[in-house]
Amino acid sequence: LSAAAMADTYGLGVVTSIGGSKPATAEKDGAAQVDSTICSVVLGEDGKIKAVTFDVAQTKVAINAKGEITADMTAEQRTKVEKGADYGMQKASKLEKGEWFQQAAAFEEFCIGKTPEEVLGMKTMKKDDHHQAVPDEEDVKTTVTIDVGNFLKALDKAVKNAK
């Protein structure tokens, strides 16, 4: 059988937020940014997470001081996972596998075999204003330093949508 057996249930959850937006000035374009966090989950018969995937579509639209869109509206909009190493987080990370997609994969591994309630109830901490819900669990905090708050919200939606 495939990873999703007949008795398994599958769910999808998406959480959208507006963040990273900044106003335009006479010297520099501003940007409107929308982040959509996506979670797909497979729950086994026992209710535990059998498979889970997280990704974020982070869409930025450049706008000049006149309010005109200056972004290339035909450009491909890749998700953070699709960008891979091009996302460029490794240079700011102290982790060996510090790219965004690597940390997301580490969080996915943390979730496997746990119930959704165990994952949703995990301890998190505020690292700074941009990282309000960073894992504070021994077996994941050494591999994941990104904010997982919207991951948890998207997982909750995916579990509620599981059929």
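Start at L12, which sits in strand β1, a stretch that covers residues 9-18. The model is a predicted one. L12 has a relative accessible area of 40%, so this residue is classed as partly exposed. L12 also has company at the surface. Together with Y10 and V14, L12 makes up a nonpolar surface patch. The accessible area of these three residues adds up to about 260 Å².

Now move along the strand to V15. This residue also belongs to β1. Is V15 buried or exposed? V15 is buried, because its relative accessibility is 11% and the cut-off for buried is under 20%. Look at what surrounds V15. Leaving out residues up to four places away in sequence, V15 touches D35, S36 and T37, and also N150, K153, A154 and K157. Take K153 from that list. V15 and K153 are 138 residues apart along the chain. Yet their C-alpha atoms are separated by 6.8 Å.

Step back and view the whole chain. The protein contains 4 helices and 5 strands. Reading from the N terminus, the order is β-β-β-α-α-α-β-β-α. Along the principal axes, the C-alpha atoms fill a box of roughly 60 × 35 × 25 Å. The protein has 163 residues, and 36% of them are buried. The protein exposes about 9700 Å², and 53% of that area comes from carbon and sulfur atoms. Consider the contacts with a separation of 6 or more. Of these, 54% join residues that are 24 or more positions apart.

Next, go inside. In soluble globular proteins, nonpolar side chains tend to be buried together. Here, the largest nonpolar core has 28 residues. Which of its residues touch the most other members? They are F107, F151 and L155. Four elements each give two or more residues to this core: β2 (30-43), β3 (49-63), α2 (100-111) and α4 (149-161). Follow F151 to see some of the neighbours. Beyond residues up to four places away in sequence, F151 touches T37, F54, V56, W100, A104, F107 and I146.

From the core, turn to a loop. D147 lies between β5 (134-135) and α4. Its relative accessibility is 24%, so D147 counts as partly exposed. Which residues does D147 touch, not counting those up to four places away in sequence? They are H130, H131, Q132, A133 and V134. Two of these contacts can be followed to the atoms. A polar atom of the D147 side chain lies 2.5 Å from the backbone nitrogen of Q132. The D147 side chain also reaches the backbone nitrogen of A133, at 2.8 Å. E27 gives another view of D147. These two residues are 120 residues apart along the chain. Their C-alpha atoms are separated by 31 Å.

End at a second loop. T79 is placed between β3 and α1 (80-83). T79 counts as buried, because its relative accessibility is 13%. What does its side chain reach? The T79 side chain makes a polar contact with the side chain of D55, at 2.6 Å. Setting aside residues up to four places away in sequence, T79 touches D55, V56 and A57. V56 has already appeared on this tour, as one of the residues that F151 touches.

Technical notes: Residues numbered from 1 in each chain as written. Predicted model: local features only at pLDDT ≥ 70, side-chain atom pairs only at ≥ 80, totals over all residues. Heavy atoms only, no water. Patch = residues over 30% accessible without salt bridge, like charges linked within 9 Å, V, L, I, M, F, W, Y side chains within 5 Å. Areas by Shrake-Rupley, 256 points an atom, 1.4 Å probe, with all protein chains shown as cover. Salt bridge = Lys/Arg side-chain N within 4 Å of Asp/Glu carboxyl O. Buried < 20%, exposed > 50% of the residue type's maximum accessible area, 1.4 Å probe, protein only. Core = buried A, V, L, I, M, F, W, Y, C linked by side-chain atoms within 4.5 Å. Contact = heavy atoms within 4.5 Å. Polar contact = N/O pair within 3.5 Å; in protein donor to acceptor, adjacent residues only side chain to side chain.
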